[in-house]
Amino acid sequence: MSDTQTINQRVEILVQNLKNFGQIFIELGRGFLRRDPILFRTLVGATVIGLIITFRLDVWIFKKINLWHYYPPDGKWFKFYALSMMWTPIFLYGVAMRNKKKEFAKNLKEVFELVGLKNAIGSYPKFISLIPLSGGTMKLLMTNGSFPKSEWEKRKPKLEANMRIFIDEINEVPEKGLIEMTFSYEPMPTKVSLEDIRSYRDYKFFMGRDRIKSYVGDFSENPHFLIAGESGGGKSAFLRQMFTTIKVNQPESQFLLMDLKAGLEFEHLKKIPGVTVICDIQHVASALQNIVATLHLRIQNLKSKNYNDIKQFFQSSEYQRMTVEEKRDHTLGHRTFVVVDECAEIFLFGLGHKPEYTREIRACMSKITRLGRACGVHVVLATQRPDKNAVDPQVKSNLTSTICYRIHDIGGSLAVLGSGRAMDLPKIAGRAVLAQGSQEVEIQTPFLDFAQSQRLLAETFKLSLDLEPLNHGSLNSTQEANHYEKTMEPHIP
Ligand SMILES: Nc1ncnc2c1ncn2[C@@H]1O[C@H](COP(=O)(O)OP(=O)(O)OP(=O)(O)O)[C@@H](O)[C@H]1O
Ligand SMILES: [Mg+2]
């Protein structure tokens, strides 16, 4: 072997080793960026080791195993020992992650061989990256190996069986010759039903579940919601189950339901006590002004009673002693919800009404979302178009939680989540990204069908199954309905 060949080989080995070493730090960086809980546990471990060494508790271990004379003396050797002991678990994390990926890439080749993804020139698609998303979901990026998306789709069951994974979606980036595969090791539910609906208390409701756990919404923690996504995603179904859970468990709650598209979603709910349905834009501004007035009244009431917020009042003995009727009649006895299905209809300028009218609606909504948390007035907005025209930016900045169903364009996904995550969602009704604070998880939202919802509401409010007052008690029920409608107006207890 010539000298030049040996040098070349040595340089190659050196470069390979440097690459391998560098990958450890790349994995560490990625772990930090995606806030990997394993890495954070490792950091806690490193801190504990640091504390043990600082307080010299490790001396006891050295003595116990008879290695006391090897204990580093004070000075630079001790510093070196302490630092390397603390860095070891972090470094090992990087090594483990790098090895896991290497192993994964190696196994991929075997899988491609088994499922017939070997092209005419005998090569296989190449592994590029594996990125954990959330809730156990991973995104695998590979070269397409000259196979179009249809060929990958055809082999999906075989890929799942051989890789022991559950593939949510396969996407193609044709201009780059890449394939993006979203998968998980646990199956993601494709339909989640709403069980035990009567078990939700204190204005909590079921938001959905991922592969591992359930997510429960709590209006006292996250007061306002944005429900976004393209047609057929499940926005109206989500509003239906949320409304039903709250109304069934907290019959004293008040709802202002707006559906300006065709009135189809909410019209049938108007006979339910405590529910006002608006299907005409002409009535929106005055209804919102009423809510703002209620809001001010509640703030005054809370102040006069020395409570910081309605949650505190709900803990008071005064509230605990109240009957449902008393709660609904008392200014501070219940939470109030403003729910708008397709909110673009109320926020968009130039839909046949004057700009001042839209401005007034926007101002009211902004005030309600700003001040609503403390006094129990909540806003839930659903929209297909999540841009700044369809949702007033000031209002949007106050919506603390987002449920985002699939959005096929990057602009839409960016507008709602600040990332392209909504584009990665599979085309499954009810599949959404839940974004709350720093949490962003893929969930399957629960499905409660129309008939079930009607039955539950009819039972709770003693109405007929089509939510009309029952004949034998029509006078009482109608009186009751009128009474609740009146309670939507601001009043003093
Ligand atoms: N969580 C869910 N699980 C399973 N299927 C669902 C779920 N939500 C909705 N669906 C199905 O998808 C259909 C469309 O849902 P929905 O009407 O709620 O969509 P949408 O987002 O409101 O659409 P649009 O913007 O057109 O009003 C429903 O009729 C139902 O069959
Ligand atoms: Mg809808």
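Trainee: Let's start with helix H8 (residues 284–304) and helix H13 (residues 355–375): at roughly what angle do their axes cross?

Mentor: This model is predicted, so to read it, note that local features need pLDDT of at least 70, side-chain atom pairs count only at pLDDT 80 or more, and totals for chains, interfaces and linings use all residues. Residues are numbered from 1 along each chain as its sequence is written, while chains are lettered from A and ligands numbered from 1 in the order in which they are written. An axis is a line fitted to C-alpha atoms, for helices over the stretch in contact, with angles from 0 to 180 degrees between N-to-C directions. The axes of H8 and H13 come within 9 Å, and they cross at roughly 30°.

Trainee: How are H8 and H13 arranged, parallel or antiparallel?

Mentor: Under 35 degrees counts as roughly parallel, over 145 as roughly antiparallel, 65 to 115 as roughly perpendicular and the rest as oblique. H8 and H13 cross at roughly 30°. They are therefore roughly parallel.

Trainee: How many nonpolar residues are in the contact of H8 with H13?

Mentor: Contact means C-beta atoms, placed from the backbone, within 7 Å. Leu288, Ile291 and Leu295 of H8 are among the residues involved, and H13 brings others, including Ile361, Met365 and Leu371. Ala, Val, Leu, Ile, Met, Phe, Trp, Tyr, Cys and Pro count as nonpolar, Asp, Glu, Lys and Arg as charged, and the others, Gly among them, as polar. That contact has two polar and three charged residues, and its nonpolar count is 15.

Trainee: And which residues of H6 does H4 meet?

Mentor: The axes of H4 (residues 76–115) and H6 (residues 156–163) come within 10 Å and cross at roughly 140°. That makes H4 oblique to H6. From H4 come Val111, Leu114 and Val115, and in H6 they meet Lys158, Leu159, Asn162 and Met163.

Trainee: How far apart are the centres of domain 2 and domain 3?

Mentor: The bounds come from an automatic or database domain assignment, which gives domain 1 (1–102), domain 2 (116–187) and domain 3 (200–487). Taken over C-alpha atoms, the centres of domain 2 and domain 3 are separated by 39 Å.

Trainee: Which element gives the largest share of the shell around ligand 1?

Mentor: A residue is near a molecule or strand if its C-beta atom, placed from the backbone, lies within 6 Å of it. Ligand 1 is surrounded by 15 residues, the closest being Ser231, Gly234, Ser236, Ala237 and Gly430. Helices (H or I, at least four residues) and strands (E, at least two) are DSSP runs, numbered from the N terminus. The largest share, three residues, comes from H7.

Conventions. Two residues are in contact if their C-beta atoms, placed from the backbone, lie within 7 Å.
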